[in-house]
Amino acid sequence: MTQQSGSSTAADPDQPVDGPSTGETGVPAGAPALAPAAIVLALLALGWLTAMLWSTRAAITSAQAGVTAVSLSAYALPGVISAALVAGGGSALAVTNLLARRGVDRATLRFVTATGVGLLVGLLTAVAINLFYADNATTNVIAGTTAAAAVVGGALAGARNARVVGAMVAAALAVLVFVVVFSRVRDPLFELYGGGGSQEAMFGAARWVSRTESLLAGLVTGLVAFGYLHLARRRSLRRDPDAPADRWPAYLVAGAGSGLLLLLTEVIIRIGGRALLDLAAALSEADAVAQTTLGTSRLDNGIWVLFVGALTAMIAFGRTLGPTPADDEDGTEPAEG
């Protein structure tokens with residue numbers, strides 16, 4: 001059909017007649033950015049939570065006395081809470097990703113859905129704990145605190161930028177696995193740092209081992225967060241060559257995400273698990289000192305991972321930046337010495 005000379009479409013031939021604007025691949029230009037491998041992250045996070053619950057149950061069940069069970073529960077609580085936090089976030093990310101693929105991406109609905117998924121994960125986890133754990137004073141505390149952590153993780157996954165949430169979940173999973181792997185070399189490092197001498201030397205060696213673990217964990221989380229966002233960017237460009245790139249705040253938040261989750265884990269432990277920690281600290285003076293020391297160590301570790309992870313992700317992102325258009329078009333020649 002020919003266009004009339006006075007029609008609006010003739011005046012602006014580049015204006016589409018109807019429908020949303022699309023890229024070369026046919027994907028709408030305003031399509032939401034999706035998190036790559038969200039279902040895989042959810043399955044890995046749920047698998048990790050299951051493994052942590054199973055190992056904690058085995059340790060508590062093998063305890064010969066109730067006092068030992070209380071102590072072991074207090075030591076295992078941080079690992080279970082962090083796993084539940086990541087599992088709630090990973091599961092909620094997978095569900096909201098599926099909704100976004102179907103064009104349902106309103107902010108309020110996304111947040112409500114993510115929180116609901118986290119609540120479902122928390123309820124199922126609490127039921128499993130009450131069914132399979134021994135019925136003692138620690139069971140209800142572990143179940144309730146774990147459920148609360150899963151709800152908080154789901155709510156965090158309701159953030160608008162799904163790719164940043166995916167990077168945080170992937171980096172957090174990497175850090176949780178790294179901590180388990182690092183435990184294999186903790187004793188040799190303790191001896192390497194001179195932990196076999198006086199009591200002061202032992203404290204110093206323990207401090208350096210903890211700092212080494214935090215530094216390496218920060219490097220891991222920063223590199224994984226950057227790698228995930230870089231992969232998401234490449235997939236987005238394949239779908240739509242005109243898709244906007246994530247700016248530096250996205251990499252900063254993603255790199256700091258694992259540290260933020262560790263600090264949030266500590267907050268949940270100190271609020272929801274306070275009864276269990278107090279019960280373990282009341283067993284003896286040594287247990288009280290141990291609980292205080294472990295709490296301080298976890299807090300320091302979260303801060304280190306936060307800043308090192310954020311710095312690592314930002315440096316990795318900065319190395320991908322090319323020269324600005326002004327530098328390419330100014331036509332100046334470099335000075336020859």
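Which element supplies the largest share of the lining of the largest cavity? The tour reaches that point after a few selections. The model on display is predicted.

**First selection: the largest cavity**

Select S82, L85, V86, A172, V175, L176, S258, L261, L262 and T265, the residues that line the largest cavity. The space inside this cavity is about 60 Å³. Colouring by element shows that α3, α6 and α9 each contribute at least two of the lining residues. The opening question is settled here: α9 gives the largest share, four residues. A colouring by class then separates seven nonpolar from three polar residues in this lining, with no charged residues.

**Second selection: the other cavity**

The search of the whole structure finds two cavities of 30 Å³ or more. For the second largest, select T96, L99, V104, D105, R106, L109 and R110. Two or more residues of this lining come from each of α3 and α4. The enclosed space amounts to about 40 Å³. By class, the lining consists of three nonpolar residues, one polar residue and three charged residues. Charged residues are thus present in this lining, whereas the lining of the largest cavity has none.

**Third selection: the largest pocket**

Turn next to the largest pocket, which has a volume of about 1,800 Å³. Centre the view on R186, E213, L294, S297 and R298, which are the closest to the pocket centre among its 45 lining residues. Seven stretches can then be shown as ribbons, since each gives two or more residues to the lining: α2 (38-62), α3 (66-101), α6 (162-182), α7 (186-192), α8 (199-239), α9 (248-272) and α11 (285-318). Which of these elements makes the largest contribution to the lining of the pocket? It is α11, with 11 residues. In terms of class, 24 residues of the lining are nonpolar, 14 are polar and seven are charged.

**Fourth selection: α4 against α5**

Display helix α4 (residues 107-132) together with helix α5 (residues 139-156); the two pack at an angle of about 160°, and their axes are 7 Å apart. With an angle over 145 degrees counting as roughly antiparallel, α4 is therefore roughly antiparallel to α5. The crossing of the two helices is right-handed. To view the contact, select F111, A114, T115, G118, L119, V121, G122, T125, A126, I129 and N130 on the α4 side, and T139, N140, I142, A143, T146, A147, A150, V151, G154 and A155 on the α5 side. This contact between α4 and α5 contains 12 nonpolar and nine polar residues, and no charged ones.

**Fifth selection: α6 against α8**

Return to α6 and α8, two of the elements that contribute to the lining of the largest pocket. Their packing angle is about 145°, with the axes 8 Å apart. Viewed as a pair, α6 and α8 make a right-handed crossing. The contact of α6 with α8 comprises 18 nonpolar, four polar and three charged residues.

**Sixth selection: α10 against α11**

The last stop is helix α10 (residues 274-281), which packs with α11 at an angle of about 140°, the axes being 7 Å apart. That angle makes α10 oblique to α11. Which residues meet here? Select L277, A280 and A281 in α10, and D287, A288 and Q291 in α11. By class, the contact of α10 with α11 holds four nonpolar residues, one polar residue and one charged residue. With α11 still selected, the view can be returned to the largest pocket, where α11 supplies 11 residues of the lining and where L294, S297 and R298 are among the residues closest to the centre.

Terms used
Residues are numbered from 1 along each chain as its sequence is written. This is a predicted model: local features need pLDDT of at least 70, side-chain atom pairs count only at pLDDT 80 or more; totals for chains, interfaces and linings use all residues. Side-chain values use heavy atoms; hydrogens and water are left out. On a 1 Å grid over the protein atoms alone, a cavity is a set of points where a 1.4 Å probe fits but cannot get out, and a pocket is an open set with protein on both sides within 12 Å along at least five of seven lines; lining residues have an atom within 4 Å of a point. Grid points are joined across faces, edges and corners, and a volume is the space filled by probe spheres set on the points. Ala, Val, Leu, Ile, Met, Phe, Trp, Tyr, Cys and Pro count as nonpolar, Asp, Glu, Lys and Arg as charged, and the others, Gly among them, as polar. Axes are lines fitted to C-alpha atoms, for helices over the stretch in contact, and angles run from 0 to 180 degrees between N-to-C directions. Angles under 35 degrees count as roughly parallel, over 145 as roughly antiparallel, 65 to 115 as roughly perpendicular and the rest as oblique. A crossing is left-handed if the near helix is turned anticlockwise from the far one by less than a right angle, and right-handed if clockwise. Contact means heavy atoms within 4.5 Å.
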